[in-house]
Amino acid sequence: MKRMTWVLVFALPMMALAQPGPKEPGARDADRMARAEQRQRLRQVLELADTLELDSAQALKMDETLRRFEDRRRPLREQVRDSARILHLASRGDSAALGQVDEAAQKVFDARARIAALDRELYQALAKDLTPEKRARLAVVMARSEGMKGMKAKGPKESRGD
């Protein structure tokens, strides 16, 4: 598993560099976003497989679980992003956005609460077949990454006391 992890760690940046950029500055290209999401999930699976010492079948099962939850999380993240855009415009004095501040703020808080609930469900789904030690490792990884959303390829890991 370690060899495959290292191969993918070196291959991911090369894949990212080979991808074309957006057609216009600041535009959100759907294909680019989908590829970024796919790379992010691959990093998540690799980190979890390494941390939890999973075999290939377990890692594939975990990938499927992550994919299901990502499909549920995506519209909530888009809601947060859209509302944050309105709040940003309002903070800069945009008169059209000023009337939408309270509604946008409420949408952000509601979506973030639903994301937190999804994170709890994700932990339960991933932890159900794990030993208590591996459940603890999973909880540490999720807490460190705030429910998997910010997990990035990191440098050398801290000692886990293995």
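Here is a short chat about a predicted model, its confidence, its helix packing and one salt bridge.

Colleague: Which elements have the lowest and the highest mean pLDDT?
Modeller: This is a predicted model, where local features need pLDDT of at least 70, side-chain atom pairs count only at pLDDT 80 or more, and totals for chains, interfaces and linings use all residues. Residues are numbered from 1 along each chain as its sequence is written, and side-chain values use heavy atoms, leaving out hydrogens and water. The chain averages a pLDDT (the predictor's confidence in each residue, from 0 to 100) of 80, and 72% of the residues score at least 70. Among the elements (DSSP runs numbered from the N terminus: helices are H or I with at least four residues, strands E with at least two), the lowest mean, 55, belongs to helix 1 (residues 2-18) and the highest, 95, to helix 5.

Colleague: How do helix 5 and helix 6 run, roughly parallel or roughly antiparallel?
Modeller: The axes of helix 5 (residues 101-127) and helix 6 (residues 132-144) come within 10 Å and cross at roughly 150 degrees. Axes are lines fitted to C-alpha atoms, for helices over the stretch in contact, with angles from 0 to 180 degrees between N-to-C directions. Under 35 degrees counts as roughly parallel, over 145 as roughly antiparallel, 65 to 115 as roughly perpendicular and the rest as oblique. So the pair is roughly antiparallel.

Colleague: How many nonpolar residues are in the contact of helix 5 with helix 6?
Modeller: Contact here means heavy atoms within 4.5 Å. Helix 5 brings Asp119, Leu122, Tyr123, Leu126 and Ala127, and helix 6 brings Arg135, Leu138, Ala139 and Met142. Ala, Val, Leu, Ile, Met, Phe, Trp, Tyr, Cys and Pro count as nonpolar, Asp, Glu, Lys and Arg as charged, and the others, Gly among them, as polar. The contact has 2 charged residues, no polar ones, and a nonpolar count of 7.

Colleague: And helix 2 with helix 3: how many charged residues are in that contact?
Modeller: Helix 2 (residues 30-52) packs on helix 3 at about 135 degrees, with the axes 10 Å apart, so helix 2 is oblique to helix 3. Among the contact residues are Glu37 and Arg41 of helix 2 and Asp63 and Arg67 of helix 3. The classes come to 8 nonpolar, 1 polar and, for charged, 8.

Colleague: Which residue forms a salt bridge with Asp129?
Modeller: A salt bridge is a side-chain nitrogen of Lys or Arg within 4 Å of a carboxyl oxygen of Asp or Glu. With closest N and O atoms 2.8 Å apart, the partner of Asp129 is Lys61.
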